[in-house]
Every structure is written in C-alpha cells, then in structure tokens.
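Here's a quick briefing to read alongside the model. Have the sequence and the 3D view open while you go through it.

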Amino acid sequence: MVRDASAPGSQESVYEREIISTGVKGLDDVLSGGLTARRLYLVEGVPGSGKTTLAMQFLMAFARRGEPVLYVTLSETDEELRAVAQSHGWNFTGINIHELMPSEQDLEPELQNTMYHPSEIELAETTRRILRQVEELKPVCVVFDSLSELRLLAGNALRYRRQILALKQFFATRACTVLLLDDMTASDRDLQVQSIAHGVIVLEQLNPEYGSERRRLRVAKMRGVSFRGGYHDYVIRRGGIDVFPRLVAAEHRHISERTMLPSGVPELDHLLGGGIELGTSTLIVGAAGTGKSTLAAQFASAAAARGERAAMFIFDEGPETLLSRCRQLNVPLPQCVEQGSITLQQIDPAELTPGEFTHTIRQAVEQNGAKVIVIDSLNGYLNAMPAERHLTIQLHELLMYLGQQGVATILISAHQGLIGSAMTSPVDASYLADAVILMRYFETRGEVRQAISIVKKRGGEHERTIREFRTSGGRIHVGEALREFRGILTGVPVLDTMGVPPARPPS
C-alpha cells in the first residue's frame, strides 16, 4: 500500500493506493511500481505487438498468489491461448478462460433473427454471459480480448461507449481490476475508450528495412500516478515480455571520486597527463586500422590488472580477432577474459534495440561492478538506432549515467576514409566526451605511418604534441614528438628542420 497526496498537509487529499504488479519487472519500473488496483486499463497495439502475452503475464502474477482471475476471449479459442502459454513455458493453472466465440449453431439460417438488428441481440447476449461468469467466479482481475469484437457488436459509437461505461461501473462495484485489449484494427478508431480508462498503455511494432522487428511501448495516460514518459524498448522472447525502461541519468545522481586510470604504457600516460579518469568518457577517433581497439583493450587490461572489472561491447569485429591481435602484442586481454575480470560481448546491431543495449551496460555496471566500459564502435551503435537524430540524445544520457557511477567509458569512432583532411565521422560525439584521442595515418618517405595526439581533455593537463604510434615487436610503442614534420594531420606532412632541437645522444 502506498499513500499518495495531491496536496501535502491536506487530510482530505490523502488516499490509499494499492499497487499491483503487471508481471513485467521493467513495466513496473516505468509505472512507479505497478498499476493501481480496482481500475480499468486499456492496452492498445497492432496485431503481433504482444498484447495477449502482456495480459497473460498480468493474470499469472495474480494466479501465483492463488487469487481468481478471468480471461474473456472474443477472438481466440481456449486451445489457442493455452498453446501460446505452452510456447513460453508457462503454467496456466489457476487462470479461467471464458470463450465467447460464435458456435456452429449460430450459423444455421433458421436460427437467424430477422426482427431485430443482429448487433442488438448479440451484444446483449454477450454482455449477459460475461456478467454471469463474473458473478460465479468473483475474480480480482479480468482481461477482455479484444475490444474490436465488442465494437463490431455494438454497431455504432454511442452504443459502444455506453457499453464500456456500463462495464466500468459494474466492475468498480466488485473491486475488480480490468484490462481491455484493443488491436487497433478499426478504420474509424477514436479516443473514446482512452478517455474512459484509468490508464492507457500503447504497444508499437516497428519494421526496419533490415533486421528483425523492433517493439516499443509508452504510457499514454495514467491518472494520479507519476510514470516515466517517452518510449521504452521491449522484446518478446520465450518466457514473456522484457521491458527496458528508458534511461534517465538524473535518477542516478551522486558524486564519485575521480581516480586516475593509467594505461600501463608510460609514454601514452605521459601524453595523457597520467591517464584517463574514472567517471569520465574518452573518445578514441581515427581511421580503420590505426589501433583504436588495441588501445581500448590496453586500458581495459590495465584496469583488470589492478583488480577492477571491465566490460567490452564490440560491434565491428569478432571477439577471436581482437583476442588474437592482443596475444601478438602481449596485451593481457585473453587472460583477463578467461579469469572473468573482463567480459567481452559481441553485439549484432541488426538484432539489437538501443534500450536493450543500454540495459545490458547497466547490468554490467550495477550487477558485475564494471569500472571500465568500452563501446567499439559508435559506428555500430549508430546502426542499431532507428534514426541518427536519436543517437546523440541517448548517448548523452548513457555517458551522464556512467559518469555518475564512477565508470570510465571509452568510445571508439571510425573515420570514413584513410588519409587526408577530408575524413569525416558518421556522428560527432567529440563534444560529449571528456577526452579525445586522435589517431591518424600520415605518409612520409614512401612509408605509411601512424600518429597519436590528445586534442581534448577536460579538467586536467595533457601533452599537446603529436607522437608516432606503432604496434610491432610484440608491444605498443608511443614514440617521441614528431617535431621535424608539420602538417601531419593533413596526412601528407612536410619535413621541417628549421628550429628543430638537436637529437638527443643515444643512451
């Protein structure tokens, strides 16, 4: 029981709100704990969006407590509903299913009534059968599947609205929670039932040009309850619906200490002013093959060597390819993965929803205690998004959340192109990151070489030189500053010996 007050201090405004679970943990989170008992709710969604699955999970939450529940079906048979339950591995014991399907006798011509319009007789008879079943069973929760059948039986909008109002009043006097399912197939659909219902949950199914379908829900209305608005991704898998509530970074605010996280490569740490910091985000940007993933793996392995946990989410290459490259460079990532201090997970953007990906990262932080998160790369993350304009907003919330959890986030972004000043990135996340490491190719004396530089670091000093970067001889090399060149970032530098200090004698 939860006490809610619309006006603090006013005794008249205080009432008892009994919260009941929907049977879906993520949806309960969106609804601030669940639904208010003894109210009428509407669940809308196109065919295939999961309305029946959600309703079954809702009823099973009551049935597990031994409370009587009723599923009134006007479109599916008892056998079809139990087949759905079996496909999810559910125990449907305790759930009463009442079919209101037309029988074969109803189709006989001699039994057809010609004096009254069929809708007048069929609607009245259907209502009587429903009420009779409710009076006998006395359920605490009833599901109607679906309203489209009642709408057709009513014949017109006025009779339909009156019928829904009558049902609402009938169940209100019997302390019963009602779930109405609407498949949104009516061409003249209006908002009449939404205005009557205490709350409205809308399920949507999106069909991208490539990849599997994607589903999301939103709470369109919920009287007297503070809920998390906006769209929330969900999936239907064996076992039912999983809802991934939209991440709101403001709900997780707390101050964390900024601890330095060195990479284990002294020259690189000197370039970074000691390393990257926990609670900050670092963007490693550069062309394909410049060593971005290897650098991120080095930071994650260095954290694991100090007893911290890390999680790497890779979009663009297979785990074995990354592990093999790390073995050649003596980066201890394979050993850390075997020990469990680093989790390495490959993400398929064609099968992933952004909400599910965010939920996976939250689990790595909150359940596994990861202090370093690597997303490789933003290009793959972008492909998992329904539209590019949403990426920056979701990424901002994710980085804010990770920063408040004291997590060091490493983002990788691949430039389009290899050499030259016209290289572009599919998404500009540089202003979101606290530090930006730029890795570039440049050509000199018939050889393609690599350069590394720190172009941004908030809240700390860093070296502003451009150094050579190499991966050879079984290790990562960060060389001296390339002072004899100018124009390295253009890809075709010019040798400049004017003002260059003399080379240091070999040690």
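What follows is a short lead, then notes by topic.

This is a predicted model, so a word on the ground rules: local features need pLDDT of at least 70, side-chain atom pairs count only at pLDDT 80 or more, and totals for chains, interfaces and linings use all residues. Residues are numbered from 1 along each chain as its sequence is written, and side-chain values use heavy atoms, with hydrogens and water left out. Helices (H or I, at least four residues) and strands (E, at least two) are DSSP runs, numbered from the N terminus.

**Confidence**

- The average pLDDT (the predictor's confidence in each residue, from 0 to 100) is 86 for the protein, and 86% of the residues score at least 70.
- Residues 103–109 fall below 50 in pLDDT, and this stretch has 3 contacts (heavy atoms within 4.5 Å) in the model beyond near neighbours in sequence.
- Another stretch, residues 111–118, also stays under 50, with 5 contacts beyond four places in sequence.

**The nine-stranded sheet**

- An open, mixed sheet is built from 9 strands, in the order β7-β6-β8-β9-β5-β10-β11-β12-β13.
- At its edges sit β7 (95–99) and β13 (240–244), each pairing on one side only.
- On average, neighbouring strands of this sheet are turned by 20 degrees against each other, direction ignored; the axes behind such angles are lines fitted to C-alpha atoms, for helices over the stretch in contact, and angles run from 0 to 180 degrees between N-to-C directions.
- Strand β12 (residues 232–237) runs antiparallel to β13, with 5 bridges between them; two strands count as paired if DSSP finds at least two bridges between them.
- Within that pairing, D233 has F244 of β13 as its bridge partner.

**T353 and helix α12**

- T353 is in the loop between β18 (342–346) and α12.
- With a relative accessible area of 5%, T353 is buried (buried means under 20% relative accessible area, exposed over 50%, partly exposed in between, with a 1.4 Å probe and protein chains only).
- Which residues does T353 contact, leaving aside its neighbours within four places in sequence? They are R214, D233 and F244, so the bridge partners D233 and F244 both touch this loop residue.
- T353 and D233 are 120 residues apart along the chain, yet their C-alpha atoms are separated by 6.8 Å.
- Helix α12 (residues 354–366) has 13 residues, which should span 18 Å at 1.5 Å a residue, and its end C-alpha atoms are indeed 18 Å apart; the expected span is 1.5 Å times one less than the number of residues.
- The helix is largely enclosed by the rest of the structure, because 10 of its 13 residues are buried; among them are P354, F357, I361 and V365.

**Helix α5 and its salt bridge**

- Helix α5 (residues 147–154) has 6 of its 8 residues buried, so it too is largely enclosed by the rest of the structure.
- Those buried residues are L147, S148, L150, R151, L153 and A154.
- Just past the end of α5, G155 takes a positive phi of about 90 degrees.
- R151 makes a salt bridge (a side-chain nitrogen of Lys or Arg within 4 Å of a carboxyl oxygen of Asp or Glu) with D182, the closest N and O atoms being 2.9 Å apart.
- That pair links distant parts of the chain, with R151 in α5 and D182 in strand β9 (residues 177–182), 31 residues apart.
- R151 is buried at 17% relative accessibility, and D182 is buried at 2%.

**Other salt bridges**

- The structure holds 18 salt bridges.
- E125 and R128 form one of 3.0 Å, N to O; both lie in helix α4 (residues 118–137), 3 residues apart, about one turn of the helix.
- E125 is partly exposed at 32%, and R128 is partly exposed at 46%.
- R306 and E308 meet at 4.0 Å, N to O; R306 is partly exposed at 41% and E308 at 22%.
- D29, R228 and E251 are joined into one network by salt bridges that share partners.

**Further along the chain**

- T409, in strand β20 (residues 408–414), is buried at 1% relative accessible area.
- Not counting residues up to four places away in sequence, T409 touches T280, S281, T282, I373, L399 and L402.
- Strands β23 (residues 466–472) and β24 (residues 475–481) pair in the antiparallel sense over 5 bridges, with S472 opposite R475.
- Their hairpin has 2 residues between the strands, and G473 takes a positive phi near 65 degrees there.
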